[in-house]
Amino acid sequence: MCMLQNSFHPGFVAQGDYVIGGIFPIHSKQEMPDLNSTYRRPPVKCNSFDPRAFRYAQTMRLAVEEINQSTELLPNYTLGYKIFDSCAHPLTGQRAALAVLNGVSEDDSPMCSGASTLLAVIGESGSSQSIVLSRILQPFRIPMISYFSSCACLSDRRKFPTFFRVVPNDDYQVKAIAQFLIRFNWTWVGLVRGDREYGRFAAQGLLRELQGTKVCVAYQVIIPLLYNRKRILEIIQVMRISSAKVVVSFLSVGEMTPFLRDYMMQNITGIQWVASESWITASVYSGSEYYPYMGGTIGFGIRKGHISRLSDYLQTVNPRSRLPPCSGQESLLEQHSGYMNTSSPRVAYNVYKAVYAIAHSLHNLLLCQPGSGPFQNNSCASSKNIQPWQLQYYLQEVTFNIAGEEVNFDLKGDSIPYYDIINWQRGTGGNIEFVSVGLFDGTKPAGEELVIQEDRIIWAVYVCSASCLPGSRKAVRRGEPVCCFDCVPCDSGKISNQTDSIECTFCPEDFWSNQDRTACIPKKVEFLTYDSLGITLTVTSVVGACLTIAVFAVFFYHKNTAVVRVNNSELSFFILLSLTLCFLCSLVFVGEPTSWSCMLRHTAFSITFSLCLSCILGKTLVVLAAFTATRPGDNIMKWLGPKQQRVIIFSCTQVQVVTCAAWLIDAPPFPSRNTQYERSKIILECSVGSSIAFWCVLGYIGLQACLCFVLAFLARKLPGNFNEAKFITFSMLIFCAVWLAFIPAYISSPGNYADAVESFAILASSFGLLFCLFSPKCYIILLKPEKNTKQHLMAKESK
């Protein structure tokens, strides 16, 4: 005869066409019996009523009633339920699981035969209890849906083939916590976990996620399964003396509550708790006494939902019969705020989803058309004899929407991973409020799952160093923890584009860092362009050339006058022609350097200046020889006739031409990119190719100028109303002064400024020659024509 050996009273029972079970930790503290095996042990005593779990049970009843009243879901059929108390312990949960498999009441007879009309079970809260429950249900192939068991171990389909859950797998939670720790640069953390599967697997997962990161675990302590105050005080002492001020906790509410009691008694403060979903939203911790020790706690809570009728339904419970010890006159809202708190249902919402998942699966099963079913020979399940394994098939495939959320299960029985980030902040009455400050959405691409509103977070501890923003790098302080560092701005030419970069990276050769040192931007390219400086030089060059041409025209028009003829008109025209070319040479220095412009710059101006100075040298020799030849017996002028003057000019200029030709053949100037003088810019300039050749052509010009100056200086006091040697002396003095000043200015100026200095030297020396040599003559020709006669020019000499 089959008969029960012990009694176990159910919490709630309702008849229906199809029955589902529910197991909830309505009590959270148990008194274990004497385990002496010499006599029959008494039942476990369950104490400490948990209003939250009672609310979960009521939520299941509400969902079943809604489904039974629905005309769209399971029409013409009703659901029944059997709800038992697991007392938050695997041993009591095991008895509840066996009881739920029996008849509606343990007094019913017969019980053992044909008792299992049960199609599915909703439970359990803790992962340890769910493991026990799932193993008991497996032989009967009864599917179970957990509303709060998140241990990753339960995703193993080989061990738990009938297990489903509407709470995310802990693999996602540990990934979220690891990203959170890295995000806020908490590199030195403690870890507190329970001694059950939930804590063990979660800790292993977190350590696995932190491998290869900057986050180090300072210590890992385990809260014993059987609470031992001596051991707890040792753990609290470890936390007190450790330099790790961030602590991650994987504990259930039943494990956390007694631990917190001793933790607060030891007056431990200044720790930033990072909580798991098991206790971050537990209303039992919302009292004001917790805030001094736990304020600022942050963690990941399961997604909240909305159950429209829940608040009204909960108030229909009779306190006298359902919540002992009560008088029946108490206000549920005041005496059991944990029970009546429906502002943001999370676990209760999961229970609600689980019931509807079973209902939708059963509804789809009953809609099966014979001949098109999923079972053998395309058969369907019999509505009068539905087997639990048949319901599990439809449960695996179910997809439905509830309160705007899509619900389904993957091949491991897991649901869509989604967390709210919860921060414990002080409320208006001093109590703790659970404030949502972000979310983790596991459906998003890797690296984008975490969304945090940092400005809304209240922290529990002072972070040694704030995160280093992009554009800076971390510099660890010697002798301090690794979480203490300085933020050093990146050097010029280096960037960091991530928060808390360890080092700054160099920009590519043609790029430079922006002002914020967060991105590489193309270097600014500089050369003597047509900006204000370039335009000024260009205009000056053109004006100088035009003045020279104008002087040329005046001299040509008055070529037969005394002033033009007596000063060797042919050499004057050669000088004016070369000066025109000298003015125009400066135009080559404006614009982007090219191979042709670089070769033309130095060679053109050196040859034209050499031509100009050769003409002046010839003129100076003629002046000096003319006055010397007036002495008796002197016959020097026959050696300085027009033909000989041309030979002198050609020979002196030819030396410069040959030097420039050799320069262009051997090592010609070429365009180059100077990045050394100013690393943030690319200066386009002309490299001289051969420095020796460059200074040779300048030296030759200087030699010619010095020779002209010396000869003109010797002839400066020779008689005559218009002694040109004075003007040549003065012009050479200006010329030499300009080019002596040019040398240090050129050497110390980079790129476009060096080009501007050289162009300025060309223009200044050209203007000096033009005005010194020709302005006195133009003055006589244009303004004093009465002096433009041979008699006047020879008057002083005749005296």
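**Exercise 1. How many bridges join strand 26 to strand 27, and do the two run parallel or antiparallel?** Work it out on the predicted model above, then place the pair in its sheet.

*Solution.*
- Start with the pairing: strand 26 and strand 27 (residues 681-687) run antiparallel and are joined by five bridges.
- For a landmark, find Phe670, which stands opposite Ser687 in strand 27.
- Now widen the view. The open sheet here has three strands in the order 25-27-26, and its pairing is mixed.
- At the edges you will find strand 25 (524-526) and strand 26 (670-674), each of which pairs on one side only.
- Finally, the turn between neighbouring strands of this sheet averages 25°, with direction ignored.

**Exercise 2. Trace the sheet with the order 1-5-2-6-7-8, and explain what sets its edge strands apart.**

*Solution.*
- This is an open sheet of six strands with mixed pairing.
- Look at the two ends of the order. Strand 1 (12-14) and strand 8 (163-165) each have a single partner strand, so one side of each is left without a neighbour in the sheet.
- From one strand to the next, the twist averages 20°.
- Next, follow one pair inside the sheet: seven bridges link strand 2 (residues 18-24) with strand 5 (residues 79-85) in the parallel sense.
- Within this pair, Ile20 stands opposite Tyr81 in strand 5.

**Exercise 3. Find which strands helix 2 touches and which strands helix 13 lies across.**

*Solution.*
- Take helix 2 (residues 90-101) to begin with. This helix packs on the sheet and touches strand 2, strand 5 and strand 6 (118-122).
- The direction of helix 2 makes about 155° with that of strand 5.
- Then turn to helix 13 (residues 347-366), which lies across strand 2, strand 5, strand 6 and strand 7 (144-146).
- Helix 13 runs at about 155° to strand 6.

**Exercise 4. Describe the largest cavity: its volume, its lining and the classes of its lining residues.**

*Solution.*
- A quick reminder of the idea: rolling a probe the size of a water molecule over the atoms shows where empty space is left.
- The structure holds one cavity of 30 Å³ or more, and the largest cavity has about 120 Å³ of space.
- Its lining is made of 14 residues, with Val166, Lys353, Glu405, Ser415 and Ile416 nearest the centre.
- Helix 13 and strand 15 (405-408) are the elements that give two or more residues to this lining. Strand 15 gives the most, with four residues.
- Sorted by class, the lining of the largest cavity comprises seven nonpolar, three polar and four charged residues.

**Exercise 5. Classify the ring pair of Tyr18 and Tyr77, and say where its two members sit.**

*Solution.*
- Two values are needed, since a pair of aromatic rings is described by the distance of the centres and the angle of the planes.
- The centres of the Tyr18 and Tyr77 rings are 5.7 Å apart and the planes are at 40°, so the pair is tilted.
- Tyr18 belongs to strand 2 and Tyr77 to the loop between helix 1 (51-69) and strand 5; with these positions 59 residues apart, the pair links distant parts of the chain.
- A search of the whole structure finds 39 aromatic pairs.

**Exercise 6. Locate two backbone details: the peptide bond from Gly123 to Glu124 and the phi of Leu74.**

*Solution.*
- The bond from Gly123 to Glu124 is cis, its omega being near 0°. Glu124 lies in the loop between strand 6 and helix 3 (127-137).
- Leu74 has a phi near 50°, which is positive in a residue other than glycine. Look for Leu74 in the loop between helix 1 and strand 5.

Methods:
Residues are numbered from 1 along each chain as its sequence is written. This is a predicted model: local features need pLDDT of at least 70, side-chain atom pairs count only at pLDDT 80 or more; totals for chains, interfaces and linings use all residues. Side-chain values use heavy atoms; hydrogens and water are left out. Two strands pair if DSSP finds at least two bridges between them. Axes are lines fitted to C-alpha atoms, for helices over the stretch in contact, and angles run from 0 to 180 degrees between N-to-C directions. Contact means heavy atoms within 4.5 Å. On a 1 Å grid over the protein atoms alone, a cavity is a set of points where a 1.4 Å probe fits but cannot get out, and a pocket is an open set with protein on both sides within 12 Å along at least five of seven lines; lining residues have an atom within 4 Å of a point. Grid points are joined across faces, edges and corners, and a volume is the space filled by probe spheres set on the points. Ala, Val, Leu, Ile, Met, Phe, Trp, Tyr, Cys and Pro count as nonpolar, Asp, Glu, Lys and Arg as charged, and the others, Gly among them, as polar. Rings of Phe, Tyr and Trp (its six-membered ring) pair if their centres lie within 6.5 Å; planes under 30 degrees apart count as stacked, over 60 as edge-to-face and the rest as tilted.
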